[in-house]
Amino acid sequence: MEMLGNRRLPITQQQAWEALNDPETLKKCIPGCDKFEPVGDNEYTVALAVKIGPVSAKFNGKVRLADITPPDSYKLSFEGQGGVAGFAKGSSGVTLKPVDGTDSACELDYTVQAQVGGKIAQLGQRLIDGAAKSTADDFFKRFEAEMQARYGPPPAVESTEAQAGESSEKTGKMAGLMRKMGFGKKDDTPDADAGEKPAE
């Protein structure tokens, strides 16, 4: 299984780096995770519950960080055993970069390569890929909520689309109000084309 993605985070690169290296934050944000503890230099033991289709399993494993370049990137490798459900192992790369023109946001790129075996492997690639994507989406939702709780909401910057939508909505409401009061266009009245008859 391979997966890659890109996310814009409403925090600085340094804040994102610190959070992605904090075991407590990761434990809170990884779906089903109830243990993420350091056991040595850049090595952690992990326990998490996983459900893919009809198969539920509790995985115990290790995560190791390597090629660490603060606050830009690291690589991690992971392996876990889920008993009769099977095993999972693989690697991931994470890269952070500031967003041009702002010091309050950064971009995160990630890649994941993973192998699964046992009962889970028999479920089929589509089901496994769907579960992996759903887990990644869930992680980032939790991560962004955690960052908002820690650093406050991102600065309000309305998109031009939102502004355009808002102004046309206001115009629509105003036009409706004017029509009710008897002002404005009356093209939709039955005799609207009466004035277009040629003069005799």
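A pocket is here an open set of grid points with protein on both sides within 12 Å along at least five of seven lines. In the predicted model described below, the largest pocket has a volume of about 1400 Å³.

The lining of this largest pocket is made up of 47 residues, and those that lie nearest its centre are Ile30, Leu48, Phe78, Val112 and Thr135. Several elements contribute to the lining, since at least two residues each are supplied by the strands β3 (43-52), β4 (55-69), β5 (73-81), β6 (87-98) and β7 (106-117) and by the helix α3 (125-151). Among the contributors, α3 gives the most, with 9 residues. In terms of chemical character, 34 residues of the lining are nonpolar, whereas 10 are polar and 3 are charged.

The chain that surrounds these features holds 4 helices and 7 strands, and when these elements are read along the sequence they follow the pattern β-α-α-β-β-β-β-β-β-α-α. With regard to contacts between residues at least 6 apart in sequence, 51% join residues that are at least 24 apart.

As to solvent exposure, 28% of the 200 residues of the chain count as buried, a class that comprises residues with under 20% relative accessible area. The accessible surface of the chain comes to about 12900 Å², and carbon and sulfur atoms account for 53% of this surface.

Terms used
Residues numbered from 1 in each chain as written. Predicted model: local features only at pLDDT ≥ 70, side-chain atom pairs only at ≥ 80, totals over all residues. Heavy atoms only, no water. 1 Å grid on protein atoms, 1.4 Å probe; cavity = no way out; pocket = protein on both sides within 12 Å on 5 of 7 lines; lining within 4 Å. Points joined across faces, edges and corners; volume = space filled by probe spheres on them. Nonpolar A, V, L, I, M, F, W, Y, C, P; charged D, E, K, R; others polar. Buried < 20%, exposed > 50% of the residue type's maximum accessible area, 1.4 Å probe, protein only. Contact = heavy atoms within 4.5 Å. Areas by Shrake-Rupley, 256 points an atom, 1.4 Å probe, with all protein chains shown as cover.
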